[in-house]
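Here are some notes for a colleague who is opening this structure for the first time. Please read them with the structure in view.

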Amino acid sequence: MFRRPKITKTLAYQVFTVFIAGMLLVDIVSFFVLKSLSYNSILEEKEKLTQGIVRDAYRYITEYDSYMWVMEYLLNHQDEDLDLEYDTSIATNRKLDALMSNHEGLNIKTVRPDDLEYFSDEDQKAFAEIVYNRWLLRFNGLKESYDIDFLYIFESDDNYNEVNFIISGSDSKLRRGKNPGEAYVFGTKVVTSEAQYTSFRDLKKDISKFVYTSEYLDAYRYLFKLDKHNFVIGMTFNIKDINSSVFYQTLKILFAFIILQSFLLVFCRFLLAECAIKPIEEVAKNVNEYTKTKDARKVKTQLSLIKTENEIGSLSHGIDEMIGEIESYLKEIKDVTAENERISVELNLAQKIQADMLPSTFPAFPGIKQFDVYASMDPAKEVGGDFYDFFMADDDHVVLVIADVSGKGVPASLFMAIAKALIKNRKLLGGTLSEVLRDVNQQLSEGNEEGMFVTVWMAVVNIHTGKGYAANAGHEHPVLRHKDGSYELVKYRHSMAIAMMPEVSYEDHEIQLRPGDRIFVYTDGLPEARRGDGEFYGTDRLINALNSEPNAEARKTIDNVTADMNSFVAGAEQFDDVTMLVFDFYGDEFDGAKETKE
């Protein structure tokens, strides 16, 4: 006999559970959208603010009729013992009093270059020092008023390979000197980085150049040119606290939005009860009546009284066909199950094929004593996008590669196979690492409609001398351990990942390994491994795990890191492929020590 199941959750409860979940999802999405819009709006305001700062700074400089003369004097005498007063005016005021006594009725703002020709050398020097002090105090005030981390003017020739700092604003929080992070004193020269060089060369008059990092906004503006000297104003804003402010402002807006949603929820509850819940209850009552009495005529008569012209009415007319449809669905489920089993078999085969593509025989080069290498790859799915490789480019050089394709699963594995083959084949043809990455990037960028990309760390090492080169295309920082030392992260500027866009240049970094040194490289699946609360494993834990047994064999080192990571995530789902590679360098002079150790 058919038994009616006990109702534990009403339809209204289920509908409103979904409705509330949808509201929460909308709230979450709205929060991040509003937060992003607010953050971008603040950054735009910062950019607009720089225009006003530039105007004020330019006005402060040019309000002296002889500003060009002063700039030229400072440049011509910067190697001499100029008596510059940076953050006070005590000595400057004494100089001004002395200058006024020598030149009655003098107004330093209206002194023209022609007038200065009649000044003595001592008065010319005093005039330049006085104007410089006035400029500097103005910049100090601007920096404090607008809460700017750094505000400065520098000059450079048309090549912009080196910049010479003229004016740097300071306050009680920023000391003066010639070291990074300080307000540079007059005449401090700094070699420009690649990013700064590009920014300065692109500067045009009346157009500002903005450079963003995760914590700072740098703005540059071309001011004027004096002979071969280009004068540029620069400033740096600290934007790392903006996120916190935007977060709380967005929460306030979201709270008001939730209140409005609550009123809408009450109204929808009433509407749902009248238009859906009551008619559905009537249909359910008649279906149960049919299961008890099997009186189809009576049930159909009662169902015909339901006049709703919507899905509920359609349900009452479709009950007679339900059994046949269920049988049809069961057959389809069997077919789908068989298809899923076939796909599973093919994925297992694909996993084996991918594993066979990676070097897996260790020791990899038993006849070579100058180095040892060991690696592992653990995909997040049946197949993954990480890969590693090592091979001899010739009798004297070994090539190391570790890479991570964007995404996971079958698409990433296919892209991985192509990238691995292209990198190895191109390197065996010869050329520098930057040339290899440039050519492979060009090939992978062609027809890359899906927008996939690959981060790559690649090195070539002379197995006798330890000298070599490394190139990093958007990959994780490598870890280095010197002989009998501890592991440390080696940080340097990355190039762009390959296949993101064509015509990209890459940079080689020279490396020098000593006998007993070790390189440890990995993919982002290791530091980004997460436990249940969302916290990442991170590079600090990685370094600690490596240093727990710094002299362990290569295989044991990877086992130690894997065990430490697994302990940290405590069974949480693996979100990304995890790949590691260890390279031990022994060199010619270390053969005997290596054999003794083994």
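The numbered points below go from the whole chain to single pairs of residues.

1. Overall make-up. This is a predicted model. The protein chain contains 15 helices and 18 strands. Of its 598 residues, 42% are buried. The chain exposes about 33,300 Å², and carbon and sulfur atoms supply 54% of that area. Among contacts with a separation of 6 or more, 69% join residues that are 24 or more positions apart.

2. The largest nonpolar core. This core has 51 residues, and the members that touch the most other members are F387, V454, V456, W457, M458, I498 and F583. V454 can serve as a way in. Leaving aside neighbours within four places in sequence, V454 is in contact with F387, A403, D404, V405, F415, A419, L444, A473, A497 and I498. Two of these names, F387 and I498, also appear among the members of the core that touch the most others. Apart from this core lies another, of 48 residues, which includes I61, F139, I148 and F231. As a general background, nonpolar side chains in soluble globular proteins tend to be buried together.

3. Helix 5. This helix covers residues 121-145, 25 residues in all. At 1.5 Å a residue the helix should span 36 Å, and its end C-alpha atoms are 36 Å apart, so the expected and modelled values agree. After helix 5 comes D147, which has a positive phi, near 55 degrees.

4. A salt bridge inside helix 5. How far apart are N and O in the salt bridge between the side chains of K125 and E129? The distance is 2.5 Å. K125 and E129 are four residues apart in helix 5, and therefore about one helical turn separates them. In general, an α-helix has 3.6 residues a turn, so residues three or four places apart point the same way. K125 is partly exposed, at a relative accessible area of 26%, while E129 is buried, at 4%.

5. Other salt bridges. The count of salt bridges comes to 20. One of them pairs D83 with K95, with the closest N and O atoms 3.3 Å apart. D83 sits in the loop between helix 2 (67-76) and helix 3 (90-102) and K95 in helix 3, so this pair ties together parts that are 12 residues apart in sequence. D83 is partly exposed, with a relative accessible area of 41%, whereas K95 is buried, with 15%. Another salt bridge joins K420 to D389, with a closest N to O distance of 3.4 Å. This pair links distant parts of the chain, 31 residues apart: K420 belongs to helix 11 (residues 409-428) and D389 to strand 10 (residues 386-392). K420 counts as buried at 11% relative accessibility, and D389 is buried with a relative accessible area of 3%. Through salt bridges that share partners, D83, K95, K125 and E129 are joined into one network.

6. Helix 13 and its cover. In helix 13 (residues 538-547), the residues G538, L542, I543, A545 and L546 are buried. Which elements cover the buried residues of helix 13? The cover includes strand 14 (479-481), strand 15 (487-489), strand 17 (518-522) and helix 14 (554-569).

7. Aromatic pairs. The structure holds 23 aromatic pairs. One of them, Y67 with F224, is edge-to-face, at 5.6 Å centre to centre and 70 degrees between the planes. Y67 is in helix 2 and F224 in strand 7 (residues 216-226), so that distant parts of the chain, 157 residues apart, are linked. Y67 is buried, with a relative accessible area of 16%, and F224 counts as buried at 8% relative accessibility. The pair of Y160 and F200 is tilted, at 6.0 Å centre to centre and 45 degrees between the planes. Y160 lies in the loop between strand 1 (150-156) and strand 2 (162-168) and F200 in helix 6 (residues 194-201), so the pair ties together parts that are 40 residues apart in sequence. Y160 and F200 are both buried.

8. An aromatic cluster. Which residues do ring pairs link into a cluster? The cluster consists of Y152, F154, Y160, F165, Y184, F200 and Y220.

Notes
Residues are numbered from 1 along each chain as its sequence is written. This is a predicted model: local features need pLDDT of at least 70, side-chain atom pairs count only at pLDDT 80 or more; totals for chains, interfaces and linings use all residues. Side-chain values use heavy atoms; hydrogens and water are left out. A nonpolar core is a set of buried Ala, Val, Leu, Ile, Met, Phe, Trp, Tyr and Cys residues joined through side-chain atoms within 4.5 Å. Buried means under 20% relative accessible area, exposed over 50%, partly exposed in between (1.4 Å probe, protein chains only). Contact means heavy atoms within 4.5 Å. Helices (H or I, at least four residues) and strands (E, at least two) are DSSP runs, numbered from the N terminus. The expected span of a helix is 1.5 Å times one less than its number of residues. A salt bridge is a side-chain nitrogen of Lys or Arg within 4 Å of a carboxyl oxygen of Asp or Glu. Accessible areas come from the Shrake-Rupley method with a 1.4 Å probe; for residues, only the protein chains shown count as cover. Rings of Phe, Tyr and Trp (its six-membered ring) pair if their centres lie within 6.5 Å; planes under 30 degrees apart count as stacked, over 60 as edge-to-face and the rest as tilted.
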